[in-house]
Amino acid sequence: MMIARAVVTFCAALALGCAPAGDRPHDPNIVLVFKHGKLSGDGAILSNILREFERRHPGIVVREELLPSSSDRQHQYYAMNLDGGQAPFDLLGVDTIWVQEFAKAGWIASLEKVLPPAEREQFFPGPIKAATFKGQLYAVPWYIDAGVLYYRRDLLDRHGVAPPKTWPDLVHAAQRILDAERDPRLAGFVWQGKQYEGLVCFALEVLHSNGSDLWGGDRARAEAGLRFLRETVAGHRITPVSVGMADEESTRQIFGSGRALFMRNWPYAWSLFQREGSLVRGKVGIAPLPSFPGYPSAPVLGGWMLAVPRASAHQQEVGELIRFLTSPDAQRLVALGLGYNPTRRDLYADESLVGARPLLKDLYPIFLEARPRPVTPYYLLLSQALQPEVSAVVVGRKTPREALDAVRRQLTRIVGSSDLPVAVEGL
Amino acid sequence: MTERPSIGASHSTSGIRLSERTWGYLLASPAFLLVGLVAVAPIAAALWLSLHRRLPVFGVEEFVGLWNYVQLWSDDRFWAACRTTLYFTALSVAAELLLGFGLALLLDGLTSGTGGSPRWAQGMIVVPWAIPTVVSAQIWAWLFQPDFGLLNYLLHQVRLITRPIDWLANPDWAIHAAIVMDVWKTAPFAALLLLAGLKTVPRDLYAAARVDGAGAWQQFRHITLPLLMPVVVIVLIFRTMDAVRVFDAVYVLTGGGPGNSTETLSIYAYKTLFQTLQFGYGSTLATAMFLIVAALSSLYLLLLRRHLQETT
């Protein structure tokens, strides 16, 4: 019996390697697992940043584990693992719209100490708002996105039209140029109309730019905003019917093949349009999204953040890793190498960065205004209820009034009527 | 139980006499256990979960009895998904069976005509079945593209249409686009099963029928069809079960849109369970789907039994 126990102990020691005990700040055996969706572009750029972190923090090893780039799949993965209470990772990349949900569920840790309030001033306000749950920060913004308007600079110039400031201006500009060009293959304005999250983003941009929203705001203006979506297709005829199935990539392809005047999309498409061989190279301009007269432009905030599972045993080390990944130097490297836009405001005045990517100057005021989607743990429920209804309006199946009524009915069922005021808080 | 010599008794070394039936159960118990673990237990767990209101994000976990089922009854979205699913199932399974039958007869004719079996033809036919659904759905999404998709181009070339069809953006067309894709993908599966069935039909029956002066149609109607009936029912069961649970094909193609016109039960359950994490209500949807599949399968088996009783 004694011998057997000794053998077991010996084997266990072998398996563990020569692990020295102790609570030193950097235990040589600390492995931080970093889960995130695959970034587009050269994976070596992020790896190099992580290697540099390891070099500066001897004893810590960072292991990257990639998830599919589909954000639905990532959300599913995180929810399943975090709900179990023992997440097999120490750092995760979260979409801006998940932070409230994950924080409410108690899945991710407060990062109040990782990024003290004074330092948050250096970041754009939108992402900080999206990452703050009940007065505490739960995620640190990693890179930022916002809806923008792309336009064909050459065609607008040819017809003496300025980039539109309001939605009615955009309709007139599109109609005028389409009438003059007489090209049946040219569309006026393309946007994401498929039944998915992208449609909710654009619908919110239109509604917010009309001084309303999808729930608590002015009902008449909300209906007017939804009606505008439908009318671009059916009344003004500046948008092809196929927009009802369009996502970011399919609209980018239409615009990129020179077949649309205006497009709503995220900033990522810009560098693809400027590539060698692109049909619209040098012909594209970027502007803030239009609004309805009397209201400001209201781009929706996108982007990703870094968060830590509450179950991680290495809160302090992973906090240092977050500070490193969101430092000006690391953000500059990611912006230059992969084209992801920094969340730190002062980088937009950084000559070495802006010199290489002049677009950042145009994006700065847009990111400053970027408005988070409803900041509530109920967001995904809300969005799932909205998607089919807004889509039904776009394809002419429902009137805006019917759609808004249906959304209300569904949400009442999901959250229970007594919870409603809490659920819609801040919408 | 009548006393008779049993295998169990003769092999019993410990002196315990076990009846043949008991031995049978004993020997089958690992299989029962396996089925219990991988099939019955999860179904039971889902049933149990469907009696709860469980929203992990909000820390809600309460037993609510049949409350979820009451909700289900008044959930328009559920009934719409039911209609969409049954419509999809009826049309796609019918088309797959007909097309599969045609393909099987064609392949059978090819093989019996030349004497040898043209493996290349059989191999080619299963290609759509072999491609992962997510991949073929993406391919079809491009084919359905209204402006530069191949399908509209071909239809335009043969002058069947004058304006491009918005296959996926039109709520009336979208479900049919999904059906076309599903038929393309799974008709070969039906064809293979039916071809295997055709091979088992004794050739001399046809010879005898020809001697009696039966034409091709009469041979098909009175020999091929009745003898193939069990295979047809198996094809129907397989395909119906798959079609009722259809998920990836439609999800990749349309995401359930536009305006929920292609949202099947699986897609609704997926969105409820995994996107919005309503585990209780999502399990209720899954249970409802399970009951629908079980009811349809039982119906087929009942029909098959009646058919077999009539023919014997």
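This text covers a sheet in chain A and then the contact between chains A and B, in a predicted model.

The sheet in chain A is open and has 4 strands, in the order E8-E9-E7-E10, with mixed pairing. Strand E8 (187–190) and strand E10 (284–287) of chain A form the edges, each pairing on one side only. From one strand to the next, the twist averages 15°. Strands of a sheet pair through backbone hydrogen bonds, and the pairing can be parallel or antiparallel. Strand E7 (residues 148–152) and strand E9 (residues 260–265) of chain A run antiparallel and are joined by 4 bridges. Across from Tyr151(A) stands Phe262(A), which belongs to E9(A).

A helix also packs on this sheet: helix H8 (residues 167–181) of chain A, which touches E8 and E9 of chain A. The direction of H8 makes about 150° with that of E8(A).

The contact between the two chains draws on 28 residues from chain A and 23 residues from chain B. On the side of chain A that touches chain B, helix H3 (71–83), helix H4 (99–104) and helix H17 (379–394) of chain A each supply at least two residues. H17(A) gives the largest share of that side, 7 residues. By residue class, the side of chain A that touches chain B comprises 13 nonpolar, 7 polar and 8 charged residues.

Terms used: Residues are numbered from 1 along each chain as its sequence is written. Chains are lettered from A and ligands numbered from 1 in the order in which they are written. This is a predicted model: local features need pLDDT of at least 70, side-chain atom pairs count only at pLDDT 80 or more; totals for chains, interfaces and linings use all residues. Two residues are in contact if their C-beta atoms, placed from the backbone, lie within 7 Å. Ala, Val, Leu, Ile, Met, Phe, Trp, Tyr, Cys and Pro count as nonpolar, Asp, Glu, Lys and Arg as charged, and the others, Gly among them, as polar. Two strands pair if DSSP finds at least two bridges between them. Axes are lines fitted to C-alpha atoms, for helices over the stretch in contact, and angles run from 0 to 180 degrees between N-to-C directions.
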